[in-house]
2 protein chains.
Amino acid sequence: MLIVVGYDISLMDPQGAKRLRHAAKICDRYGQRVQNSVFECLINTLEFEKLQRELKAVINPEVDSLRFYNLGQNYETKVKHVGAKAVTNMDQPMIF
Amino acid sequence: MLIVVGYDISLMDPQGAKRLRHAAKICDRYGQRVQNSVFECLINTLEFEKLQRELKAVINPEVDSLRFYNLGQNYETKVKHVGAKAVTNMDQPMIF
């Protein structure tokens, strides 16, 4: 299933930049960045639960926020991209 | 239907900041901001087409990007929020 993850990490406190890097690193392991703080992850239910646990352990819930959108299995028609940095379709074979 | 809009506006050129403000103003008219550059819009198909046209007219597709996610009518179970700035449920009556 396709999970879209968006995060807002506050940079008001000195630890913010570290939390931001850490959140991006976690999301990088589960999917790919499509915008500054938006990742798309093709994962199953177990992986999604793990991703949530890892991110929750990193953020400061008082000032940071996570947003997860579950687009399910048939996501192709639900995602539309306009402009720069179009993302290669992850489950299509990379042709070199 | 719930449409999630994410935008990445490049601030490398002098017009970037103006495009960013303009994109946010447009999205504000169609829905509500849930993260820095992520908006959630409860709109119908016609409004969605209009929103896309307006945003496309504002961005520079060479350097900016728009991402639209269509979560359909039954979106409640597909959206999960963790941490700060939880958004009030838009189609619930505001109780003061």
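Here is a walk through a sheet built from two chains, and the helices that go with it. Keep in mind that this is a predicted model.

Let's start with the sheet. Five strands line up in the order 2(A)-3(A)-1(A)-4(A)-5(B), with antiparallel pairing, and the sheet is open. At its edges sit strand 2 (32-35) of chain A and strand 5 (79-83) of chain B, each of which pairs on one side only. On average, and ignoring direction, neighbouring strands are turned by 25° against each other. As a reminder, strands of a sheet pair through backbone hydrogen bonds, either parallel or antiparallel.

Now go through the chain A pairings, beginning at the edge. Strand 2 and strand 3 of chain A form a hairpin with two residues between them, and their antiparallel pairing runs over three bridges. Here Gln32(A) stands opposite Glu40(A) of strand 3. Strand 3 of chain A also pairs with strand 1 of chain A, antiparallel again, over five bridges; look for Leu2(A), whose bridge partner in strand 3 is Leu42(A). Strand 3 of chain A is mostly covered, with four of its five residues buried. Moving along, strand 1 (residues 2-8) of chain A meets strand 4 (residues 65-70) of chain A in an antiparallel pairing over six bridges, where Tyr7(A) stands opposite Leu66(A) in strand 4.

Next come the helices of chain A. Helix 1 (residues 16-30) of chain A packs on the sheet and touches strand 1, strand 2 and strand 3 (38-42) of chain A, with its direction at about 30° to that of strand 3. Helix 2 (residues 45-58) of chain A lies across strand 1, strand 3 and strand 4 of chain A together with strand 5 of chain B, and runs at about 170° to strand 4 of chain A.

One residue in that second helix is worth a look: Gln52(A). Is Gln52(A) buried or exposed? Its relative accessibility is 5%, so Gln52(A) counts as buried. Leaving out residues up to four places away in sequence, Gln52(A) touches Phe68(A) and Lys80(B).

Finally, turn to chain B and its own pair of helices. Helix 1 (residues 16-30) and helix 2 (residues 45-58) of chain B pack at an angle of about 170°, their axes 9 Å apart. These two helices of chain B are therefore roughly antiparallel to each other. Among the residues making the contact are Ala23(B), Ile26(B) and Tyr30(B) from helix 1 of chain B, and Leu51(B), Leu55(B) and Val58(B) from helix 2 of chain B. The residues of this contact divide into seven nonpolar, one polar and five charged.

Key
Residues numbered from 1 in each chain as written. Chains lettered and ligands numbered in written order. Predicted model: local features only at pLDDT ≥ 70, side-chain atom pairs only at ≥ 80, totals over all residues. Heavy atoms only, no water. Axes fitted to C-alpha atoms, helices over the stretch in contact; angles between N-to-C directions. Parallel < 35°, antiparallel > 145°, perpendicular 65-115°, else oblique. Contact = heavy atoms within 4.5 Å. Nonpolar A, V, L, I, M, F, W, Y, C, P; charged D, E, K, R; others polar. Pairing = 2+ DSSP bridges. Buried < 20%, exposed > 50% of the residue type's maximum accessible area, 1.4 Å probe, protein only.
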